[in-house]
Amino acid sequence: MNKDSLKRIPQVDKLLLTEELAPLREKYPQLVTGFAREAVGELRKRILKGENLRRPEIIAIKLVQKKLEYCLSPKIRSVINATGVILHTGLGRAPLSPKAQEQLSRIASGYTDVEYNLETGRRGERLTVVDSLICELTGAEMGAVVNNNAAAVLLALNSLANRKEVIVSRGELVEIGGSFRIPEVMKKAGCRLVEIGTTNKTKLQDYIDAITPRTGAFLKVHTSNYKVMGFTQETDIADIVKVGEEHNIPVISDLGGGVLVDLREWGLPYEPVASEHIEAGADIVTFSGDKVLGGPQCGVLAGKEWAIKKCRKNHLMRALRLDKLMLATLEATLKSYLAPGTLLDEIPALRMLAEDAEVIRNRAEAFLAKLLENDLPKLDYAEVRPSDSQAGSGALPLEKLPSFAVYIRPKGSLASFAKRLRMSEPPVIGILHAGELALDFRTIFPVQEEDLLRVVAEGVG
């Protein structure tokens, strides 16, 4: 150990008085003081390990500046999603529509009438702003909104079947992202799970045979993130509702993905539409706002007035409610569905799902041509080839959307190249596969292509 080197480590108080750190300490006193202590401690450890630090004060100042810069930099950043996964949970799921963005900007800048009735001058109801839209678009008698779909299912179960049995098909006991499982949600809701049928087959008689005086509800869950194929049988929601009506048992239908229009109109596979389950007589239908619906993170409850009123009066409602920003963006998103002919122009998630593969190919090839105009000494090769996009977040789990990507192989480490793209401004997230980095253009916005070109060119330049 070099004692002279240890003596040259600056004292924290003196470090804070340096020309570089004094103004920073004045503005961020607690942060800068803490970082200065950390910097001095790091220098001490490095010297004790045998490092020869010539200018420890300069090193300490730079360490403090770097720590402060990292602390103050935004941790949630706008990224370029080049994965081809449209509703990528890790990247925030559905991007908001331009109208929703405009509404968000207006609301965020000041006060709002979120719980104030302008006509009466008294306190109002915060769900009024979206209730009528939910009813118009689904055919429900009443609607409600909470912070995500898991919360919607929790609220519905707790409101209608607390301390009672809830009957569910074994083939519908799904697990969604983050190990979040229907049985655990049911337990937290205060319900007792009653499993019926088998993984691949559940018949209507299974529902009837499971009814007891303690039965509180039937729960039907759309298995949106997987499919059971082959020798299968699923009971139709209308038949379950009929049995429920005969035995005075409410029916809760969890649709998950938030499909408000028939996706077959754009050549996509059929997914259950919320209005169909409302029409079939379900007492409560729940679905997400930030999946196929294309809005903010939230959980929508739509259904019969008596059932939704019980949910609204539940004390959990306040704990799970949406804030003014999400209500505003949801309102703008739902209003886009009032004009179905322009949906693809307004909702980015739907447009990406429906975009023709040849349009994507043309964009990818135009991008590649511009990229190759640069001097790229670190590039082995880059070419456009077909790829498979997907909806993501459990929507259309078996459907591969034909797409095109720019496949890049750099000279040197592929992992290092991918990290350079991720750490760029803006970050670019692609797919590593078979020694290449793929940039799928289905999920890349045209307005992002200039930034993407710059980042990739710098990465292999």
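## A tour of the sheet and the cysteines

Start with residues 165-169, strand β5, and residues 215-221, strand β9: three bridges join them, and the two strands run parallel. This is a predicted model. Zoom in on Ile-167 next. Its bridge partner in β9 is Phe-218.

Now widen the view to the whole sheet. It is open and has seven strands. Colour them in the order β4-β12-β11-β10-β9-β5-β8. The pairing is mixed.

Which strands stand at the edges? Select 142-146 for β4 and 192-196 for β8. Each has a single partner strand, so one side of each is left without a neighbour in the sheet. Then follow the twist across the strands. It averages 25° from one strand to the next.

Keep β9 on screen and add residues 237-247, helix α11. The helix lies across β9 and β10, and β10 covers 251-256. Where does α11 point relative to β9? It runs at about 175° to β9.

Last stop: the cysteines. How many disulfides are there? The count comes to zero, with a disulfide taken as two cysteine sulfur atoms within 2.5 Å.

Select Cys-135 and Cys-311 together. Why does Cys-135 have no bond to Cys-311? The sulfur of Cys-311 is the closest cysteine sulfur to that of Cys-135, but the two are 13 Å apart, too far for a bond.

Stay on Cys-135 and show the surface. Its relative accessibility is 16%, so Cys-135 counts as buried. Finish at Cys-71. With 35% relative accessibility, Cys-71 counts as partly exposed.

Conventions: Residues are numbered from 1 along each chain as its sequence is written. This is a predicted model: local features need pLDDT of at least 70, side-chain atom pairs count only at pLDDT 80 or more; totals for chains, interfaces and linings use all residues. Side-chain values use heavy atoms; hydrogens and water are left out. Two strands pair if DSSP finds at least two bridges between them. Helices (H or I, at least four residues) and strands (E, at least two) are DSSP runs, numbered from the N terminus. Axes are lines fitted to C-alpha atoms, for helices over the stretch in contact, and angles run from 0 to 180 degrees between N-to-C directions. Contact means heavy atoms within 4.5 Å. Buried means under 20% relative accessible area, exposed over 50%, partly exposed in between (1.4 Å probe, protein chains only).
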